Amino acid sequence: MNYLEFEKPLAEIEGKAEELRALARANSEMDVAQEASALDRKAADMLKELYKNLTPWRKCQVARHPDRPHCKDYIEALFREYTPLAGDRNFAEDNAVMGGLARFNDQPVVVIGHEKGFDTKTRLERNFGMARPEGYRKAARLMDMADRFGLPVITLVDTPGAYPGKGAEQRGQSEAIARSTEKCLQIGVPLISIVIGEGGSGGAVAFATANKVAMLEHSVYSVISPEGCASILWKDAEKMREAAEALRLTAQDLLKIGVIDRIIPEPIGGAQRSREETIERVGRNLATMLGELVGKEPAALVAERRRKFLDIGSKGLAA
């Protein structure tokens, strides 16, 4: 278990319980069951207390936790017959973006998502989930194909933002993001987006301009990272806690102001502690949202989607 900074007291208690059990395994005559159980109960109570009212900055930390299920995990668990499709038919394949044909509950769909990787090697291969222009052009190509064949599109968002490197800018990063966002608004098929971790800036919006937008309870979705915001406003990245508060980036705030439609609850302690249960909850919510959209006329889906995003901001920021 990778513990976050604010979970250090919890790590100490759980560590002591494990030490007792290790001693008992080494010496069969030692009976530590009662002491270990008491520590387990104390740890469970502390976990509930820690996650009861997370601050926006702590939610950012949870959303970035390396043990949270990633796009690849959701695709493997929830979709059958996944057939990956590669390349933008222009420049290259972008490993930060997964996408292809699949079946969800026997419904043929196109699934697209950001993949961060789970260890040093795969994180480098996936560029930490930061897509380049070819990734967004691949996504637009897949959405265009889905529209042509009448397939619902499901996107899984988990990115700190689009890759800001020189090569990406030279190949038209902003134009690629805009084209992907435009394609989201144009397709006449159901489009559902779920923020499973970080929803960073235009890199997330390019996948999340959807009929239904859901967020996991401890995920975040914002125009800029708290560190980037703090660097711009206060010239001090250490003020990221204040920036996180001001950005209204939590699922709870975004539901209030109408940016998202649904919050998917996470198990106590976050998705990283109960990966399978989290994936199952996402699957149930995805099935519900898809059921609400399948069967609607293409023109109605496009009109609803456009109206949804034109109305953002009408609820104001009073919260």
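Is His70 buried or exposed? I began my notebook with this residue, and I found that His70 is buried, its relative accessible area being 5%, which falls under the 20% limit for that class. I note at the outset that I am reading a predicted model.

**Entry 1: around His70**

I located His70 in the loop that runs between helix 3 (56-63) and helix 4. I then listed what touches this residue, and, once its neighbours within four places in sequence are set aside, His70 is in contact with Glu115, Lys116, Gly117, Phe118, Asp158 and Ile196. I also looked up its separation from Met1, and the C-alpha atoms of these two residues, which lie 69 residues apart along the chain, are 16 Å from each other.

**Entry 2: the chain as a whole**

I next stepped back to the whole chain, for which I counted 14 helices and 8 strands in the secondary structure. The radius of gyration came out at 21 Å, close to the 20 Å that the globule rule gives for 319 residues, so I wrote down that the chain is as compact as a globular protein of that length. Taken along the principal axes, the box filled by the C-alpha atoms is roughly 70 × 50 × 40 Å. I looked up burial as well, and 48% of the 319 residues are buried. Of the contacts in the chain with a separation of 6 or more, 72% are between residues 24 or more positions apart.

**Entry 3: helix 4 against helix 13**

How do helix 4 and helix 13 lie to each other, roughly parallel or roughly perpendicular? I read off an angle of about 70° between helix 4 (residues 71-78) and helix 13 (residues 275-293), whose axes are 10 Å apart. The two helices are therefore roughly perpendicular to each other, since an angle from 65 to 115 degrees is counted in that way. I noted that helix 4 and helix 13 make a right-handed crossing. On the side of helix 4 the contact is made by Asp73, Tyr74, Ala77 and Leu78, and on the side of helix 13 by Arg275, Thr278, Ile279, Val282 and Gly283. Sorted by class, the residues of this contact are 5 nonpolar, 2 polar and 2 charged.

**Entry 4: helix 8 and its two partners**

I then turned to helix 8, which I looked up in two pairings. In the pairing with helix 6, I found helix 6 (residues 133-149) and helix 8 (residues 173-186) packed at an angle of about 20°, with 8 Å between their axes. That makes helix 6 roughly parallel to helix 8, because the angle is under 35 degrees. The crossing of helix 6 with helix 8 is left-handed. From helix 6, the residues Pro133, Tyr136, Arg137, Ala139, Ala140, Met143 and Asp144 meet Gln173, Glu175, Ala176, Ile177, Ser180, Lys183 and Cys184 of helix 8. This contact divides by class into 8 nonpolar, 2 polar and 4 charged residues.

In the pairing with helix 14 (residues 298-310), the axes come within 8 Å and I read a crossing of roughly 125°. Helix 8 and helix 14 are therefore oblique to each other. Here Cys184, Leu185 and Gln186 of helix 8 meet Val302, Arg305 and Arg306 of helix 14, and the contact holds 3 nonpolar, 1 polar and 2 charged residues. I marked Cys184 in my notes, since this residue is listed in the contact with helix 6 and also in the contact with helix 14.

**Entry 5: Phe149**

I looked up Phe149, which is found in helix 6. With a relative accessible area of 57%, Phe149 is exposed. Its C-alpha atom lies 30 Å from that of Ile263, and the two residues are 114 residues apart in sequence.

**Entry 6: two asparagines with positive phi**

Which phi value does Asn105 have? I read a positive phi of about 50°, although Asn105 is not a glycine. I kept in mind that most residues other than glycine have a negative phi. Asn105 sits in the loop between strand 2 (97-104) and strand 3 (107-114), and it counts as exposed, at 58% relative accessibility.

Asn127 likewise has a positive phi, near 55°. I placed Asn127 in the loop between helix 5 (120-125) and helix 6, and I recorded this residue as buried, with a relative accessible area of 10%.

Terms used. Residues are numbered from 1 along each chain as its sequence is written. This is a predicted model: local features need pLDDT of at least 70, side-chain atom pairs count only at pLDDT 80 or more; totals for chains, interfaces and linings use all residues. Side-chain values use heavy atoms; hydrogens and water are left out. Axes are lines fitted to C-alpha atoms, for helices over the stretch in contact, and angles run from 0 to 180 degrees between N-to-C directions. Helices (H or I, at least four residues) and strands (E, at least two) are DSSP runs, numbered from the N terminus. Angles under 35 degrees count as roughly parallel, over 145 as roughly antiparallel, 65 to 115 as roughly perpendicular and the rest as oblique. A crossing is left-handed if the near helix is turned anticlockwise from the far one by less than a right angle, and right-handed if clockwise. Contact means heavy atoms within 4.5 Å. Ala, Val, Leu, Ile, Met, Phe, Trp, Tyr, Cys and Pro count as nonpolar, Asp, Glu, Lys and Arg as charged, and the others, Gly among them, as polar. The radius of gyration is taken over C-alpha atoms; the globule rule is 2.2 Å times the number of residues to the power 0.38. Buried means under 20% relative accessible area, exposed over 50%, partly exposed in between (1.4 Å probe, protein chains only).
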